[in-house]
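Please look through the sequence and the model below, and then read on for a short report on confidence along the chain and on one of its strands.

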Amino acid sequence: MTATAHAHSTADPAAEQSFDRIVVAVADPDDAAALADVATSLAAAHGATVHALSVVDMEAGGGHWDIVVERHEADATAAVDAVAERVAEAGLDAVRHVRYGSPDETIAAYAADHGADLIVMGAGARSGLRRFVSAGSTTPRVQRRSSVPVLAVPETSEE
């Protein structure tokens with residue numbers, strides 16, 4: 001798996017600076033391993049602490065708010081636990097955080113409030129028509145909103 005850097009500069013953020021705090025923004029437990037592997041590699045090289053963060057979207061839910069939020073809370077907790085456990089297996093420090101709110105706003109605010117040097121998150125799998133029909137994934141919104149560089153990790157193909 002290769003990761004591509006999408007930040008406010010065109011250079012690779014990993015090559016430009018040292019990292020003390022890396023935020024891994026993860027929503028889906030199925031994405032946790034790939035994101036944790038990228039963050040673990042960077043954290044090991046820089047002696048950084050990894051912050052596993054998942055945001056429960058409080059705007060999702062429609063008429064079945066409690067059921068949807070409970071499912072999102074369970075997914076968020078599982079995703080954060082999976083990242084933190086994988087990082088800990090590599091002998092590195094990891095902290096776990098589940099937050100509530102708008103994902104892009106909350107991720108950007110969390111990174112700023114905790115002095116993060118890098119945000120690692122999935123690039124999303126939208127291509128072709130889905131790019132134009134969909135309102136957009138969280139990653140580009142975080143990239144626009146945050147002053148912290150974002151490393152977007154593409155999904156691996158299992159075909």
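Over residues 1-11 the pLDDT, which is the predictor's confidence in each residue from 0 to 100, stays under 50, and for this stretch the model has 29 contacts (heavy atoms within 4.5 Å) beyond four places in sequence. Over residues 128-135 the pLDDT is also below 50, and this stretch has four contacts in the model beyond near neighbours in sequence. The chain as a whole has a mean pLDDT of 83, with 76% of its residues reaching 70 or more.

This is a predicted model, in which local features need pLDDT of at least 70 and side-chain atom pairs count only at pLDDT 80 or more, whereas totals for chains, interfaces and linings use all residues. Residues are numbered from 1 along each chain as its sequence is written, and side-chain values use heavy atoms, with hydrogens and water left out.

Helices (H or I, at least four residues) and strands (E, at least two) are DSSP runs, numbered from the N terminus. Among these elements, helix H5 (residues 129-133) has the lowest mean pLDDT, 43, and strand E2 (residues 21-25) the highest, 98.

Four of the five residues of E2 are buried (under 20% relative accessible area, with a 1.4 Å probe and protein chains only). The table gives the two strands that pair with E2, where pairing requires that DSSP finds at least two bridges between two strands.

| Partner of E2 | Bridges | Direction | Opposite residues |
|---|---|---|---|
| E3 (residues 49-57) | five | parallel | Val24 and Ala52 |
| E5 (residues 118-122) | four | parallel | Ala25 and Met121 |

From E2 the chain crosses through helix H2 (residues 32-46) to E3, and this β-α-β crossover is right-handed: with the strands pointing away from the viewer, the path from the first strand over the helix to the second runs clockwise.

Notes: Buried means under 20% relative accessible area, exposed over 50%, partly exposed in between (1.4 Å probe, protein chains only).
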